[in-house]
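Work through the exercises below with the coordinates loaded. Try each task before reading its solution.

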Amino acid sequence: MFLDRFHSVQDGHVVISALQASQFAKEIAGDFNPIHDPDARRFCVPGDLLFAIVLARFGLSENMTFRFRSLLGENVPLKFVETENTIDVCDDAGKVYIEVARSGATTRDEELIETITRAYVAASGKNFPHTLKPLMESNGVMFNPDRPMVMYESMSLALENLDLPSPGLELHNATLEAAGKRGNVLLEYRLTADHKPVGEVTKRLVLSGLRPYCAEAMAGVIEEFYRLKARGADYFSKDNSGDHSNANSAG
């Protein structure tokens, strides 16, 4: 499986190093948030990597909901507690990082699961600035540019069936509801097979530290994003001596 180099199995537990998580973020998700850099002070494993590992280990079901409960640091031994309709990703102390509910038929077709995973993760990697920037601008609010907190809350998928030739994913609706300092974002995608709608994928994000929208401040955040993206291509080079700045955001 294409995920093999992004995690290891030790004593029956899944373990993800900071380097593995960072490579997944940059190479697969196109996510250059510095909180996923190996030397970040507040490093966390991308939620999309945990999502991908769950699908690879337990298959794709027609209906699935992932609830992200806690941020995961590096090298935490994870176990997967499975029942007929649920999967909990937790550590030996019982701390839960993801809760998964599932129903309907399930497939373990590795090629299909990889295709769906790559499509979802690629779409997820476009959240900022492609989707969130115009969404915040149109609502007249933005996150704190000095601490741009964007957190996964949940994602779900609902499929008509598991016959999915040439699957694709396209965003068709995005909304933001501001509640004080908190912003609740709902992203809705159409899942297609042979260019025909066959299901829906929804993703909920939380923005914190909301304030009135400032075009100048947002321009600075976007400039930093593209600087990190340009740096990301060379981040793992032995000759890389760029600024490995620490992040205050998570995603």
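**Exercise 1. Backbone outliers**

Task: In which loop does Asn75 lie, and what is its phi?

Solution. Asn75 lies in the loop between β3 (60-68) and β4 (79-82). Strands here are DSSP runs of E with at least two residues, helices are runs of H or I with at least four, and both are numbered from the N terminus. The model is predicted, so local features need pLDDT of at least 70 and side-chain atom pairs count only at pLDDT 80 or more, while totals for chains, interfaces and linings use all residues. Residues are numbered from 1 along each chain as its sequence is written, and side-chain values use heavy atoms, with hydrogens and water left out.

Now the torsion. Phi of Asn75 is positive, about 60°, although Asn75 is not a glycine. Most residues other than glycine have a negative phi. Next, the accessibility. Asn75 is partly exposed, with a relative accessible area of 44%. The classes are buried under 20%, exposed over 50% and partly exposed in between, with a 1.4 Å probe and protein chains only.

Task: Repeat the analysis for Ser166. Is Ser166 buried or exposed?

Solution. Place Ser166 in the loop between β8 and β9 (167-179). Its phi is near 50°, a positive value in a residue other than glycine. Ser166 counts as exposed, at 55% relative accessibility.

Task: Which residues does the cis peptide bond with omega of about 5° join?

Solution. The cis bond joins Phe128 and Pro129. Most peptide bonds are trans. Pro129 lies in helix α4 (residues 127-139).

**Exercise 2. A helix pair**

Task: At what angle do α2 and α3 pack?

Solution. Take helix α2 (residues 47-58) and helix α3 (residues 110-124). Axes are lines fitted to C-alpha atoms, for helices over the stretch in contact, and angles run from 0 to 180 degrees between N-to-C directions. The angle is about 165°, and the axes are 10 Å apart. That makes α2 roughly antiparallel to α3, the class for angles over 145 degrees.

Then list the contact residues, with contact meaning heavy atoms within 4.5 Å. From α2 come Asp48, Phe51, Ala52, Leu55 and Ala56. From α3 come Ile113, Thr117, Tyr120, Val121 and Ser124. An α-helix has 3.6 residues a turn, so residues three or four places apart point the same way.

**Exercise 3. Cysteines**

Task: How many disulfides does the rule give?

Solution. A disulfide is a pair of cysteine sulfur atoms within 2.5 Å. The count comes to 0 disulfides. Cys44 is in none, and its nearest cysteine sulfur, that of Cys90, is 18 Å away. From the side of Cys90, the closest cysteine sulfur is in Cys44, and 18 Å is too far for a bond. Check accessibility last. Cys44 is buried, with a relative accessible area of 1%. Cys90 counts as buried at 6%.

**Exercise 4. Burial and contacts**

Task: How many residues of helix α1 are buried?

Solution. Helix α1 spans residues 18-27 and is mostly covered, with 8 of its 10 residues buried. The buried residues are Ala18, Gln20, Ala21, Ser22, Gln23, Phe24, Ala25 and Lys26.

Task: What does Ser154 contact, leaving aside neighbours within four places in sequence?

Solution. Ser154 is in strand β8 (residues 150-159). Its relative accessible area is 8%, so Ser154 is buried. The contacts, with those neighbours left aside, are Phe66, Arg67, Phe68, Thr202, Lys203 and Arg204.

Task: Where are Asn144 and Gly209 found, and what does each touch?

Solution. Asn144 is in the loop between β7 (141-142) and β8. Asn144 is buried at 15% relative accessible area. Not counting residues up to four places away in sequence, Asn144 touches Ser208, Gly209 and Arg211.

Gly209 lies in the loop between β11 (196-207) and β12 (211-212). Gly209 counts as partly exposed, at 23% relative accessibility. With the same sequence exclusion of up to four places, Gly209 touches Met142, Phe143, Asn144 and Lys181. For a distance check, take Glu74, which is 135 residues from Gly209 along the chain. Their C-alpha atoms are separated by 26 Å.

How values were computed
Angles under 35 degrees count as roughly parallel, over 145 as roughly antiparallel, 65 to 115 as roughly perpendicular and the rest as oblique.
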